[in-house]
Amino acid sequence: MSVPQAGTRLQWMDTLRGLAILLVLIWHAPAIPALFGYEMPLWLEAVNNFFLPLRMPTLMFLSGLLLTRSMGKGLKIYYVGKFKALLWPYLLWAGLHMVLYGHGLELSSPRAWIATGYLWFLFYITCYYMVAPLVTKLPAWLPPIALIVTSIPLEDGLAKKLLYFAGFFFAGHLAMQHRNILAKLTQWPIAGYCGAVAALFGIVSAARGTELAYRGEFALFSLMGIVAAITLTEKYSAAWWVRPVAFVGRNSLIYYVAHFPIILCVLYLVEAMGLGNVWLIAIPGLILSLVICTLLSKWRQVIPVRWLFQAPDPARLVTSRSR
């Protein structure tokens with residue numbers, strides 16, 4: 001089992017991130033029409049609930065794995081980089097989301113910009129990166145345990161989810177500090193046992209709906225699922241389907257922020273044509289999201305496409321104007 005060294009990028013990490021992002025897109029394609037009253041098939045809800053304990057915790061864990069590398073660049077570069085690559089696209093796409101979908105609050109309200117709609121993940125991850133230089137001064141084992149345990153007695157809401165997912169983010173950082181332990185956990189038969197237990201929990205979750213989702217008392221099952229997912233991804237790293245999935249993982253920010261408004265526009269178009277069917281929205285919406293997001297990823301270094309996902313560099317703007 002290869003584990004990430006500081007300053008390196010491994011294909012299994014990109015592949016696993018890509019799989020998680022694709023699961024988000026596949027779910028949102030029919031879930032967005034459901035927000036507008038379209039009927040969601042029960043079997044599809046069950047499939048989503050099966051993956052619910054694994055999908056977003058995995059993305060948080062993978063982000064935490066890269067924390068050491070990010071902070072190794074120095075705090076100034078670290079914070080400037082997070083503003084350009086996380087806060088900027090969050091604010092830009094949150095504003096677009098509120099214009100297209102609505103939020104129930106005025107754009108001038110600070111509350112409207114907190115964990116806005118589907119972009120809550122990006123908001124959370126930005127918060128974690130902001131406090132990480134202080135949190136990582138503690139023993140690496142302490143934050144994941146303390147954050148997840150603290151989330152348990154809280155009422156459902158922003159604070160509970162913020163603490164819960166922070167536990168997975170800093171669990172990724174902990175795993176990076178103890179890469180030898182991660183390597184042992186992701187070997188058979190340990191990984192197989194973890195996968196079996198996580199799958200059983202996923203089945204229970206599918207039967208119980210969202211009742212068990214994002215609850216600290218069940219976080220261990222999600223961590224076991226992450227261990228199994230890492231092992232399987234590493235095992236099949238040479239498979240034919242890995243390259244396109246890894247591409248999605250390397251460009252996960254683009255697929256994550258851009259897919260929702262694309263599907264939303266498809267919905268508005270279908271409704272304008274008087275074709276009220278969830279699958280006439282979901283299938284074209286998913287395909288169009290994949291196509292457009294892939295093109296945006298290919299052109300991500302081309303201005304102004306780059307400015308959709310990364311803040312412009314003021315120094316370069318001044319230089320280009322002077323020329």
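In this predicted model, the largest cavity is lined by Val135, Thr136, Leu138, Ala140, Pro143, Phe170 and His173. Five of these lining residues are nonpolar and two are polar, with no charged residue taking part. The space inside the largest cavity amounts to about 30 Å³, and the count of cavities of 30 Å³ or more comes to one.

Turning from the enclosed space to the open one, the largest pocket has a volume of about 990 Å³. Its lining is made up of 30 residues, and Lys82, Ala85, Leu86, Tyr129 and Leu253 are those nearest the centre of the pocket. Two or more lining residues come from each of α1 (11-35), α3 (55-65), α4 (67-71), α5 (75-100), α6 (120-135), α12 (242-250) and α13. Helix α5 provides the largest share, with seven residues. In contrast to the cavity, where no charged residue appears in the lining, the pocket is lined by nine charged residues, alongside 14 nonpolar and seven polar ones.

Helix α13 deserves a second look, this time for its packing. Helices α13 (residues 252-272) and α14 (residues 278-298) pack with their axes 8 Å apart, at an angle of about 140 degrees; α13 is therefore oblique to α14. The two helices cross in a right-handed sense. On the α13 side, the contact involves residues including Ile254, Tyr255, Ala258, His259, Ile262 and Ile263, while α14 contributes, among others, Leu280, Ile281, Pro284, Gly285, Leu288 and Ser289. Sorted by class, this contact holds 16 nonpolar and five polar residues, and no charged ones.

Key
Residues numbered from 1 in each chain as written. Predicted model: local features only at pLDDT ≥ 70, side-chain atom pairs only at ≥ 80, totals over all residues. Heavy atoms only, no water. Axes fitted to C-alpha atoms, helices over the stretch in contact; angles between N-to-C directions. Helix = DSSP H or I, 4+ residues; strand = E, 2+ residues; numbered from the N terminus. Parallel < 35°, antiparallel > 145°, perpendicular 65-115°, else oblique. Left-handed = near helix turned anticlockwise from the far one by under 90°. Contact = heavy atoms within 4.5 Å. Nonpolar A, V, L, I, M, F, W, Y, C, P; charged D, E, K, R; others polar. 1 Å grid on protein atoms, 1.4 Å probe; cavity = no way out; pocket = protein on both sides within 12 Å on 5 of 7 lines; lining within 4 Å. Points joined across faces, edges and corners; volume = space filled by probe spheres on them.
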